[in-house]
Amino acid sequence: MLKTKSQKIQEWTKKDVFLNVLVYVINVIIISGLFLLSIYMEEKISLQEFLQNLASPLRFFIMLILICLVMVLYFLYEDKNFLRNPANSQMLFLIIEISLVACYASGRYVDTYLRPLAMVALLTLFLTDRRKAFFMNIIFCIIIFLFDSFTSNVETGRYPSLIMGFSSGVIATLCMDKVYSRLKLLLMSFLIALPSLICVAITLLEHTENVSNVITDLVCGTASGPLSAALFMVLLPIFEAIFKKVSCFKFSELIEHNAKLIKKLIHQAPGTFNHSIVVSNIAEACALAIEEDGLLARTCAYY
């Protein structure tokens, strides 16, 4: 989608600044708490021993603050209006936090290669836009890399996770951008699993003697893409309801002939309905010609 350069920058108030700072501070504490909890569970040490060794959590906390500062600078220069609404920042942080919990649980209790690393990219893509999805995917990959660096949750090494997360997110952002069908999205989600399968193949070359584990990794790696898509489809309506967002799936539901208002229009004013269809086709063609959202134009024309 082309960026509207004439978009008016809304004025910030002291309340906007305060609420945004509050959102970032609270979520830095939450992510740090998740990190401390993961270390405590992995190390399996007493609470006293855990509190005596806070060097790693301190380094993680400082790095996390730097990452959040990068987020603020990015949105200040890229989309200041988006940053102005603290609900938008909270939405992005909540996506990261849920994804961290899902990745940790699947990696610890099932298999490292099953982690839904592309979930952040998918949710951000359909709730905002492709550019923000690229950026948030990078941010999430760095955070998950820090988690893996300070914990022993990943036995196959830290760097494959970083590469898998980045590659899976990029593939998800590029391939799923114009997918408006949930079934098609689920089928295409197997493309997201390609980076995991490549990393498993590399592991197979290095450890040819442990075939059973490699087969398990292959199955889990293949399932990582569909798992990301499945969790995304479950969480998307929840995020839409909480943060008042409208995704392409909602637009598709609004223009279906069995939608409440469309069905009423068909029965009470069929001539107007036929006229709306013609106008929506023209609007969609014009939108696509200037690289704008054709589905949004069609939905607006219907209503």
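Here are a few friendly notes on the predicted model above.

1. First, some ground rules. Residues are numbered from 1 along each chain as its sequence is written. Because this is a predicted model, local features need pLDDT of at least 70 and side-chain atom pairs count only at pLDDT 80 or more, while totals for chains, interfaces and linings use all residues; side-chain values use heavy atoms, leaving out hydrogens and water.

2. How confident is the predictor? pLDDT is its confidence in each residue, from 0 to 100. The protein chain has a mean pLDDT of 84, with 87% of its residues at 70 or more. Confidence is highest in helix α6 (residues 119-127), at a mean of 94, and lowest in helix α2 (residues 47-52), at 57. Helices here are DSSP runs of H or I, at least four residues, numbered from the N terminus.

3. Take care at the start of the chain: over residues 1-6, pLDDT stays under 50. Where pLDDT is low, the predicted coordinates should not be read in detail.

4. How many disulfides does the structure hold? Zero, where a disulfide is a pair of cysteine sulfur atoms within 2.5 Å. For Cys103, the nearest cysteine sulfur is that of Cys141, 9.4 Å away. Cys103 counts as buried at 0% relative accessibility, and Cys141 likewise at 2% (buried is under 20% relative accessible area, exposed over 50%, partly exposed in between, with a 1.4 Å probe and protein chains only).

5. Now look at Phe61 in helix α3 (residues 55-78). Phe61 is partly exposed, with a relative accessible area of 32%.

Definitions and conventions
Helix = DSSP H or I, 4+ residues; strand = E, 2+ residues; numbered from the N terminus. pLDDT = per-residue confidence, 0-100. Contact = heavy atoms within 4.5 Å.
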